Amino acid sequence: MSAVLRIEDLRIETTGDAPRALVDGVSLHVDRGEALGVVGESGSGKSLTVLAALGLLPVGTRVAGGRIAIDEHVLVDVGAGVWAGERELRALRGRTAAMVFQDPMSSLDPLRAVGAQVASAVRVHAPMSRRAARERAVELLTSVGVRDAAERAGTRPHQWSGGMRQRAMIAMAIAHDPLLLIADEPTTALDVTVQAQVMDLLAEVRERTGSALVLITHDLGLVAENSDRLAVMHHGRVVETGATRAVLDAPAEDYTKRLMAAMPAESERTAPAVRAGEPDALVADRIVVEYRVPGRKAPVRAVDGVSLRIAAGETVAVVGESGCGKSSLAKAVLGVQPAIEGAVVLGGEPVRKELAARTAAERERAQIVFQDPYSALDPRLTVHELVAEPLRIRRAYTRAAVTKLLEDVGLDEGHAKRLPGQLSGGQRQRVGIARALALRPKLLVLDEPVSALDVSIQAQVLELLDGLQREHGLGYLFISHDLGVVRSIADRVVVMQQGRVVEEAPTAQIFRDPQHPFTRQLLDAVPRLDGPRRGRRPLRVS
Amino acid sequence: MTAQLAAVAAPTPRRWRPRPGAVVGAVMLGAVLLLTAVVPLLPAFDPMGQDLRAALLPPFADPAHPLGTDALGRDLLSRIALASAVTLGMTLLIVIMNAVIGSSIGILAGYFGGRIEALITLLSNVTLAMPVVLLLIAICAVLRPSAGLTILVLGCTWWVGYARVTRNVAASLRRQDFVVSPLTQGGDTFWVLTRHIVPNIWPHTLIIAATDIATIVLITSSLEYLGLGVQPPVPSWGSMIFDGQRHLGADPWLALLPGIVMLLAVGGAQFLSQQFTAETRGGLLRKGGMR
């Protein structure tokens with residue numbers, strides 16, 4: 001069988017005086033119609049490997065060795081001195097091999113109608129009139145499940161949801177029936193339910209066009225359900241490869257086993273840390289949050305009368321799709337986006353709804369750990385200064401206090417002098433936690449605290465959070481879309497849909513016996529290691 | 001993926017490497033600054049003293065006047081040195097005033113948004129629409145032209161560029177979590193502005209200021225040429241070129257020498273500023289095939 005993509009002994013280095021190998025000795029192949037999953041944590045070189053195949057390496061990196069061929073056409077053979085030119089690559093991109101990127105928000109031009117962007121993708125390789133291209137674009141959009149495509153084609157990306165945008169990206173990718181589709185974390189930015197729809201669509205599109213797929217992801221569950229073969233990458237090398245089912249059932253390499261073990265366990269928290277007798281960390285009563293949207297008269301109601309109680313030492317997870325109001329609820333608790341109705345009680349004492357009206361003592365009772373460890377920390381300040389900031393605000397700074405806080409989250413003096421840019425994602429999140437703990441809050445709002453982290457790091461941070469909760473009797477308001485993580489850390493789960501709570505129950509009950517149809521839908525959409533294969537069989541070769 | 005790209009594109013710590021253009025710029029500007037600093041220390045430094053018997057000496061003819069003398073017999077080297085000090089000093093003041101005014105306005109607009117921003121945008125547009133040179137001529141027609149007046153008018157009307165850039169940076173910073181965080185801990189707006197917004201914005205201000213220096217030198221010199229600004233007998237590049245142009249046929253060095261020094265300063269500042277601006281350019285993806 002001929003390979004659509006064949007990578008042999010690929011080596012990618014940084015450019016510059018002291019080249020560093022980012023990918024070394026990687027060999028991969030994808031046969032016609034086959035789906036290959038490439039899994040690994042950030043920095044494993046999985047994206048670089050595949051970007052190199054299309055000649056799309058970022059500035060500062062280069063192919064230093066090996067051979068890449070797409071559909072038997074050699075693009076690079078360092079040994080033989082073959083280097084494809086830009087023109088050659090352009091002829092290939094989009095026609096033989098097409099790419100679906102991670103973030104549908106940034107991969108479409110915000111100023112151009114979506115239909116026009118799909119039409120451009122059509123016209124790149126197929127000389128036809130604008131009109132014909134537009135018609136073809138509408139056909140393509142219809143084929144990827146965009147309803148009323150003819151009408152919607154004229155609207156711009158901001159009027160499309162994340163899932164719909166990803167459909168448009170897929171429409172562009174399949175415009176020329178490519179032999180190979182490369183999807184780099186295609187659903188990472190999407191909700192689980194939307195993720196399931198997009199993966200179904202990819203499977204269906206492949207059925208129709210016979211394209212092979214390279215699926216790059218950090219999510220083992222996703223490859224389990226969507227690939228025929230699997231390559232596990234670690235530190236720029238392929239550590240294990242084989243049929244997906246075989247590898248997952250009996251992983252041969254330690255790293256694969258570690259990766260699987262780090263997946264949130266499908267079991268609930270066994271030892272709750274709830275402290276009886278202490279005042280509740282949070283009592284939120286019938287909270288209503290509304291936003292004014294420019295151009296619309298009636299405000300949008302993001303949270304519609306939600307009540308929530310979190311005991312000291314208890315973890316309550318709020319789950320739901322994006323836009324369900326879970327983040328707005330958290331903001332209302334903190335006062336960043338004040339509730340227009342309802343009441344907030346923190347640590348047994350009522351506080352004012354607006355942050356600006358709260359006294360410093362009121363503010364310190366609820367602290368937040370942000371989702372994005374990159375924007376959460378001022379890039380100019382050292383770790384020590386970052387953690388010292390809340391103490392300085394309250395004029396309670398001592399060197400020893402900061403050292404103790406850093407120690408509590410597993411960082412030492414060596415880390416204290418570093419800047420955020422010199423830390424890994426997990427370390428940054430630890431700094432964020434230390435900063436939130438500095439003022440001894442009663443309630444910690446955890447807004448997707450581990451969703452930006454690799455699974456193995458995720459497990460460490462969750463463990464840290466668990467320990468801190470037991471030590472300080474903290475109440476956690478845990479906001480997440482990742483039900484696996486929620487299951488392993490939460491005592492109770494609150495499911496939100498369109499600003500309202502649709503179901504609330506202890507974690508075990510939610511996962512064993514979900515009552516509300518929406519809860520069931522959420523649970524079904526989570527990809528699982530032992531899940532049924534979503535894609536159809538490898539396609540027949542003509 | 002994004003993190004990976006960033007890590008590759010901006011390795012930390014970055015090694016500071018001067019660009020060839022910036023080195024040339026530094027040498028050019030350095031020469032002017034050296035002239036300005038060293039000549040006043042020489043025993044023969046006398047920019048004002050007239051000696052009509054030694055008028056219009058060519059350069060290198062008299063060791064007492066290395067660059068010759070002007071129509072009133074004043075030492076040209078001394079006058080050029082003093083003119084450089086005057087023009088560069090004025091430029092520096094004007095640039096600093098604009099940078100401070102513009103950045104403050106931009107930060108306020110970007111951070112607070114809403115009505116303040118709308119008001120400031122209006123103010124910017126009005127300022128931008130004003131013909132600064134004509135305005136200055138009009139003011140000078142009413143008041144007496146002086147260096148102070150030029151500094152004041154130019155210093156208060158050339159800030160829109162700073163305001164535009166810093167407004168955008170401040171608006172994007174305001175949405176960053178690290179700006180929200182101190183608020184939830186009891187910090188106030190002043191704390192956030194001084195600890196997080198200003199320190200993250202001044203590098204941007206510096207870059208604009210670096211590119212602005214050359215422009216301001218040219219504008220002040222044109223005004224001096226028109227007789228607005230520093231008044232005789234104190235020299236400036238613009239007024240020296242104006243005086244020299246009457247003797248352009250027979251004694252061209254009178255206009256040429258200050259012109260050359262001005263060229264060195266403007267060109268030097270411009271080349272040097274590329275060191276800053278070029279850092280931020282460059283695409284994310286490699287181009288030009290596999291190699």
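User: Which residue in S18(A) is the bridge partner of A:Gln367?

Analyst: Happy to start there; this is a predicted model, in which local features need pLDDT of at least 70 and side-chain atom pairs count only at pLDDT 80 or more, while totals for chains, interfaces and linings use all residues. Residues are numbered from 1 along each chain as its sequence is written, and chains are lettered from A in the order in which they are written. Strands are DSSP runs (E, at least two residues) numbered from the N terminus, and two of them pair if DSSP finds at least two bridges between them. In S18(A), A:Gln367 has as its bridge partner A:Leu444.

User: How many bridges join S17(A) to S18(A)?

Analyst: S17 covers residues 366–369 of chain A, and S18 covers residues 443–447. The two strands run parallel, and the number of bridges joining them is 4.

User: Which residues of S17(A) point the other way from A:Ala366 and A:Ile368?

Analyst: In a regular strand, side chains alternate between the two faces of the sheet. All four residues here are buried (20 or more other C-beta atoms within 10 Å of a residue's own, with C-beta atoms placed from the backbone). Opposite A:Ala366 and A:Ile368 point A:Gln367 and A:Val369.

User: How far apart do the C-alpha centres of domain 1 and domain 2 of chain A lie?

Analyst: Domain bounds come from an automatic or database domain assignment. Domain 1 of chain A spans 3–262, and domain 2 combines 279–365, 443–448 and 469–525. Their C-alpha centres lie apart by 36 Å.

Key
Buried ≥ 20, exposed ≤ 12 C-beta atoms within 10 Å, placed from the backbone.
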